Amino acid sequence: MTKQIRQLDRVVIRFAGDSGDGMQLTGDRFTSETAQLGNDISTLPNFPAEIRAPAGTLPGVSSFQVHFADYDILTPGDAPNVLVAMNPAALKANLTDLPRGADIIVNTDEFTKRNLAKVGYASSPLDDDTLDGYAVHPVALTSMTIGALAELDVSKKDAERAKNMFALGLLSWMYSRPYESTLRFLERKFAKRPELVAANVAAFKAGWNFGETTEDFSVRYEVKPAKMPAGTYRNITGNAALSLGIVAAGVRSGLPVFLGAYPITPASDILHELSKHKRLGVTTMQAEDEIAAIGAALGASYGGALGVTTTSGPGVALKSETISLAVALELPLLIVDVQRAGPSTGMPTKTEQADLNIALFGRHGEAPVAVIAPKSPSDCFYAALEAARIALTYRTPVILLSDNYVANGSEPWLLPDVESLPDLRVEFASAPNGEDGTTFLPYLRDPQTLARPWAIPGTPGLEHRIGGLEKADKTGDISYDPANHDFMVRTRAARIETIPVPDVEVEDPDGDARVLVLGWGSTYGPIGAACRALRQRGLPVAQAHLRHLAPMPANLGAVLRSYDRVVIPEMNLGQLAHVIRARYLVDAIGYNQVRGLPFTAAELETMLEEVLKNV
Amino acid sequence: MSEPVALKLTAKDFKSDQEVRWCPGCGDYAILAAVQQFMPELNIPRENIVFVSGIGCSSRFPYYMNTYGMHSIHGRAPAIATGLSVSRPDLSVWVVTGDGDALSIGGNHLIHALRRNVNLKILLFNNRIYGLTKGQYSPTSEVGKITKSTPVGSADAPFNPISLALGAEATFVGRTIDSDRKHLQSVLRAAAEHEGSAFVEIYQNCNIFNDGAFDQLKDPGIRDDHLIRLEHGQPITFGKDGQFCVVHPPGGFGLEVRETANTPAEEIVVHDAGVADPAYAFALSRLPGFDLRNTPIGVFRSVARPSYDSVVQAQVAEAKASVTETPEQQLAGLLGSGDTWTIVG
Ligand SMILES: Cc1ncc(C[n+]2csc(CCOP(=O)(O)OP(=O)(O)O)c2C)c(N)n1
Ligand code: SF4
Ligand SMILES: [Mg+2]
């Protein structure tokens, strides 16, 4: 039968199922196929903290959302146009996010009395009016998969497990995705078990053919490639990009990278990734705790490596004392905080931006450090390089504030030319710097950068001692002199405050906006999408986004003061707004949400429209 | 390889220009002098030696050594030194710590450094008190210790640092005393020669807050009846006239002290620091209980196991050996790995 083909400019699909249903993998593959086609993409996984919550329950639901379009997009999409629900729990957990009219593909085989009861459905939503207004496509996914594999030599369990590939095949057909990369992927993944390659490929093809033949799916969709700058792309998550940024910082500085880390969600993937790059001189150590992890990284920095430690909020709290030591020692150190919802264990797999305060202020004594936040998954690469540049040039700890949303979300990344990446080479001290030509002054500063010499052990003639006790200016000897302490505290503050960082850029295409939306970190996408939507409706609004939170860009005060209203959306209770008010005496309005989820563009649009009405 | 050139360093070369500021009479002075006098023996250039310490009176040590040094934060020296040692195998890294620093706040880092067998020489100055904070009891203070924080006596049982180190899989464990320079240096020598973590407990007198804590081991009149000097390959006898010995009673788990006169010579334990089973060294460590009678000093255990540093370095070296491309080329390959696509302009 010939199918009608309809053009769309954008689609949001959410794959949802039990944690054991392989939804992350399914989403990943669909994303990869979509990338091959040249659409712009943004993805968002959402999974429970439990490795295997009880099967079929609401807490066990895992989902993956992918947004793709024929133009450049900024977010994984507010609401799905299509939901793939592998069981009743997946349907129930995601239905509220679905606008009426959306397509729902359900695996009817899982809608048994028992499974319905598990999630509190008294009757099947497929039979009552629950799904009125949606385009429901009931598909017996499990039994059709098993049927399609009947001839193959696989167990029933393995056959059943291939049902996610059936779903992927169906969706790939619906959206006209090229599937060669998926077939290659399956061959790689199951290289050691050819029977599973055959089973998964057969399930995928069965899904594709089902779409082709069944009358239920009368329309096929196409989304044309987006116009993106020429070059080679790959799809990348924030954690992967951040890891590569650290590797690149090692290559571009010529220094060995030493990572000390203690496993914690959602930062562990960076440890996993970096542990693969020994060839490029990256040493990783899984320490006994977060304190040891940063201690070892600092010890490595002292020895002339690029010391890095990666963690999430609870780990940052543990590292606090060592960060202060690094401030006193004035050594380079990169601290990565992939934020998650807190306090305490909070919601480990959910996102939040509530560690800005601890990054800026969470240390004893006057202990300023540089703080940087990436705005999107691929930006994590450049943010890591920038953090390393500041750490190495200014001999200071730098905190890189990623979060679960950018860490696990993905987008296409135009691969940079290695030669175009910043040159991070450093010079170690090699000779005495005292006026007499023989003494070494470990705290004599470079007048430009205020950085002290990095004199690593092994350098003859520069033997010296450093420590947490207050040091006399220049000599670094222990000093309790009041005036010296005052001077050193102010100097350490000035060291950070005077690091040159790029001016903040304002996006205000027509230059007539009176309201500025200021964001930082991962809210860039939703804020940008909301601003675009408003502008398309003729409502002018300006957007500025902070990458450098300490020090802040020199032009920020002037920018803030040139608007009638400043709105600061944050996934916390107003931490940046607090700083902005204190530093610039600007009456910024906070818009705050801490639900463990990113902002939707729609909610920001609604909020901003209100603000615009009132200026 | 050519013969190492004799550097002809002296104790003076290891003295820094900083004024030493321990209380007059503190045992730390004796240890500092012993270490400074011992250092030239290593024949390692000063710039390749690093002392890393935590916080405490003892942890001021690095300031006084004319080598590289870091006075870090309370309890964390083993962690910091681990990162340094692993990334710089060319250095000789020493950790100086106290009983509070190593066994209380830093207990976790100590045991993990030992189990990993990081190439660190760890000197624990045990004065059985918190010196720097002015005299609170420590994790090695005897039960019932009266201090500022325990006016009616401490309630908790102490650690035996040697037993603890052995339980933590230490490959080298020794004990010595601040006042016996020759012995102290002999243990340092053995520690320095050891590949991997060498843990050395040094009994140190804090004459301000815990004076005389080790007097039985120092008083020439009685010390020989208290001290068991462990010598590798020698039968373990002690006492002024060798009147005591150590035996392993059949059926028992541990070691016991007997009178030599009533013990057949073949029953006396011959000390072997290389016994693979740590139970032997552990049994030695339990001989004194917590009074100082029957206190072994010397090397309890010295066994070979690859250091963490060497294993990690070998992994990196092996990975690097397989590469022919420049780092930039490798990086370009890495960035472009996985599923990529090209958009032509
Ligand atoms: C995080 C932290 N907690 C507490 C202290 C205070 N403090 C400094 S030294 C010390 C105990 C030192 O005892 P020990 O390690 O036995 O060293 P000693 O002074 O006896 O040589 C304490 C509690 C500190 N410096 N840092
Ligand atoms: S307080 Fe005790 S340990 Fe500290 S310097 Fe004085 S005597 Fe030595
Ligand atoms: Mg002490």
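**Exercise 1. Determine the strand order and the edges of the nine-strand sheet that joins chains A and B.**

Step 1. The order of this open sheet is S17(A)-S2(B)-S1(B)-S3(B)-S4(B)-S6(B)-S5(B)-S11(B)-S7(B), with mixed pairing. Strands are DSSP runs (E, at least two residues; helices are H or I, at least four), numbered from the N terminus, and two strands pair if DSSP finds at least two bridges between them. The model is predicted: local features need pLDDT of at least 70 and side-chain atom pairs pLDDT 80 or more, while totals for chains, interfaces and linings use all residues. Residues are numbered from 1 along each chain as written, chains are lettered from A and ligands numbered from 1 in the order written, and side-chain values use heavy atoms, without hydrogens and water.

Step 2. S17 (465–467) of chain A and S7 (227–229) of chain B each have a single partner strand, so one side of each has no neighbour in the sheet.

Step 3. From one strand to the next, the twist averages 20 degrees. Angles run from 0 to 180 degrees between N-to-C directions of axes, which are lines fitted to C-alpha atoms.

Step 4. At the chain A edge, S17(A) pairs with S2 (residues 68–71) of chain B in the parallel sense over three bridges. Within this pairing, Met70(B) of S2(B) is opposite Ile466(A).

**Exercise 2. Describe the seven-strand sheet of chain A.**

Step 1. This open sheet runs S11-S10-S12-S13-S15-S14-S21, and its pairing is mixed.

Step 2. S11 (282–286) and S21 (548–550) are the edge strands, each paired on one side only.

Step 3. Here the strand-to-strand twist averages 20 degrees.

Step 4. S10 (residues 257–261) and S12 (residues 306–311) of chain A are parallel and share five bridges. Ala261(A) has Thr310(A) in S12(A) as its bridge partner.

**Exercise 3. Identify which residues touch the most other members of the largest nonpolar core.**

Step 1. A nonpolar core is a set of buried Ala, Val, Leu, Ile, Met, Phe, Trp, Tyr and Cys residues joined through side-chain atoms within 4.5 Å. Buried means under 20% relative accessible area (exposed is over 50%, partly exposed in between; 1.4 Å probe, protein chains only).

Step 2. The largest core has 160 residues, and Leu518(A), Leu576(A) and Ile580(A) touch the most other members. Helix H14 (residues 379–394) of chain A gives the most to this core, 11 residues.

Step 3. Leaving aside residues up to four places away in sequence, Leu518(A) touches residues including Ala544(A), Leu546(A), Val566(A), Leu576(A) and Ile580(A). Contact requires heavy atoms within 4.5 Å.

Step 4. A second, separate core of 51 residues includes Met165(A), Phe166(A), Ala203(A) and Val219(A).
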